[in-house]
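Subject: Handover of a structure and notes on its features

Dear colleague,

Please find below the structure that I am handing over to you. My notes on it follow directly after.

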Amino acid sequence: MSIELNHVSFCYDSHTADEIAALREVELFIGDGEFVGIMGHTGCGKTTLAQLVAGLLTPLAGAVKIDGADINKKGYDRKLLRKKVGFVFQYPEHQLFETTVEREVAFGIKNSGLSKGEQKERVRAALECMGFPFEKIRKESPLSFSGGEKRRIAIAGAIVSEPDILILDEPTAGLDAKSRASFHKIMVKLNHRKATVLWISHDADSLCEYAGRILVLEKGKVVMDGTPREVFADPAKTEQYQIGAGRVRVISEMLQKQGFRFRQEPIRYRELLDGLCNHFKGRNVIGE
Ligand SMILES: Nc1ncnc2c1ncn2[C@@H]1O[C@H](COP(=O)(O)OP(=O)(O)O)[C@@H](O)[C@H]1O
Ligand SMILES: [Mg+2]
């Protein structure tokens with residue numbers, strides 16, 4: 001499902017002395033099934049953009065269109081929007097409130113018109129997709145799980161309606177390496193099911209690995225828009241917009257200072273490894 005922003009501007013506390021322009025005339029088209037990373041330093045407008053797409057905020061000017069339809073036009077079915085767009089907030093585990101995992105995840109489809117049996121199957125599928133054994137945990141309290149697990153439960157709650165668009169606002173912030181890795185696999189799985197994914201993150205390595213496109217925001221404007229390779233090709237720009245280089249980039253720069261030559265600048269771990277293997281091909285590295 002496509003997402004379109006036509007000259008979208010948004011201000012918090014508009015028409016007051018405290019007015020803050022969070023987005024300025026953003027023009028954007030994201031095609032059906034794209035996996036898009038959104039980067040930029042704190043306060044540049046990432047969360048505001050995501051909330052506008054989810055219909056949680058209304059633009060001050062311009063139009064937000066999902067599948068070609070203006071979601072803020074009178075008569076647009078907001079119920080349909082909630083079904084189409086899944087939104088995972090920053091630290092979603094703070095918003096768990098039901099008494100059992102099953103009830104928690106089912107909340108989003110409570111009034112969907114699905115039968116009780118269908119709802120249960122949806123909840124089972126969402127939890128299994130997040131790596132949980134449904135029968136074993138369905139009656140447990142969501143609050144009895146670890147931080148990473150709670151986050152996965154919250155995400156199950158966002159995908160249970162089988163949204164066509166999934167928006168994740170820094171979904172891996174504060175998670176340990178193992179939870180992050182399992183998370184990345186889930187993300188790819190969802191995208192393979194044809195969901196359009198918007199993933200807000202500061203993690204350059206992960207976005208280079210999984211996103212097909214990266215948007216960089218700065219002071220409420222989209223200042224870069226391209227493939228990960230295009231976005232990270234210019235170190236001066238990544239520094240200017242404070243999006244940081246991933247570890248792959250840092251290691252490859254260190255190696256190049258030592259005289260390594262890569263056929264192509266690596267941006268993914270696989271490419272870094274391939275470059276290294278290529279360099280050492282035919283040499284007895286150990287004990288050399
Ligand atoms: N609820 C709010 N009330 C007032 N100002 C806000 C609110 N949320 C965000 N802002 C301001 O809007 C701008 C963009 O914020 P945000 O979209 O949260 O950025 P990001 O997610 O990139 O950190 C910032 O200047 C921020 O301080
Ligand atoms: Mg934010």
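Please bear in mind throughout that this is a predicted model. The notes begin with a sheet, move on to two glutamates, and end with the pockets.

The sheet

An open sheet of four strands is present, in the order E2-E1-E4-E5 and with antiparallel pairing. The edges are formed by E2 and by strand E5 (69–70); each has a single partner strand, so one side of each is left without a neighbour in the sheet. In general terms, strands of a sheet pair through backbone hydrogen bonds, and the arrangement may be parallel or antiparallel.

Strand E1 spans residues 3–12. Its link to strand E2 (residues 20–30) consists of seven bridges, and the two run antiparallel. Two positions help to fix the register between them: Leu5 lies opposite Leu28 in E2, and Cys11 lies opposite Ala21 in E2. E1 is also joined to strand E4 (residues 61–66), again antiparallel, by five bridges. Here Ser9 is the residue that stands opposite Ala61 in E4. As for solvent exposure, E1 is mostly covered, with seven of its ten residues buried.

Two glutamates

Is Glu4, a residue of E1, buried or partly exposed? With a relative accessible area of 22%, Glu4 is partly exposed, because the cut-off for a buried residue is under 20%. Beyond its neighbours within four places in sequence, Glu4 is in contact with Leu28, Phe29, Ala63, Val64 and Lys65. Of these contacts, Leu28 belongs to the range of E2 (residues 20–30), while Ala63 belongs to that of E4 (residues 61–66). Glu4 and Ile66 are separated by 62 residues in sequence, yet their C-alpha atoms are 6.4 Å apart in space. There is, in addition, a polar contact between the side chains of Glu4 and Asn6, at 3.5 Å.

Glu93 is located in the loop between E6 and H3. Its relative accessible area is 12%, so Glu93 counts as buried. Leaving out neighbours within four places in sequence, the residues in contact with Glu93 are Gly147, Lys150 and Arg151. These three fall within the range of helix H6 (147–159).

The pockets

The largest pocket holds about 1,000 Å³ of space. It is lined by 34 residues, of which Arg82, Val85, Phe107, Gly108 and Gly157 are the closest to its centre. At least two lining residues come from each of helix H2 (78–84), strand E6 (85–88), helix H3 (101–106) and helix H6 (147–159). H2 gives the most to this lining, namely six residues. Sorted by class, the lining comprises 18 nonpolar, eight polar and eight charged residues.

The second largest pocket has a volume of about 350 Å³. Among its 18 lining residues, those closest to the centre are Arg180, His184, Asp203, Asp205 and Ser206. Helix H7 (177–192) and helix H8 (204–210) each contribute at least two residues to the lining of this second pocket. That lining divides into seven nonpolar, five polar and six charged residues.

With kind regards

Note on methods: Residues numbered from 1 in each chain as written. Chains lettered and ligands numbered in written order. Predicted model: local features only at pLDDT ≥ 70, side-chain atom pairs only at ≥ 80, totals over all residues. Heavy atoms only, no water. Buried < 20%, exposed > 50% of the residue type's maximum accessible area, 1.4 Å probe, protein only. Contact = heavy atoms within 4.5 Å. Polar contact = N/O pair within 3.5 Å; in protein donor to acceptor, adjacent residues only side chain to side chain. Pairing = 2+ DSSP bridges. 1 Å grid on protein atoms, 1.4 Å probe; cavity = no way out; pocket = protein on both sides within 12 Å on 5 of 7 lines; lining within 4 Å. Points joined across faces, edges and corners; volume = space filled by probe spheres on them. Nonpolar A, V, L, I, M, F, W, Y, C, P; charged D, E, K, R; others polar.
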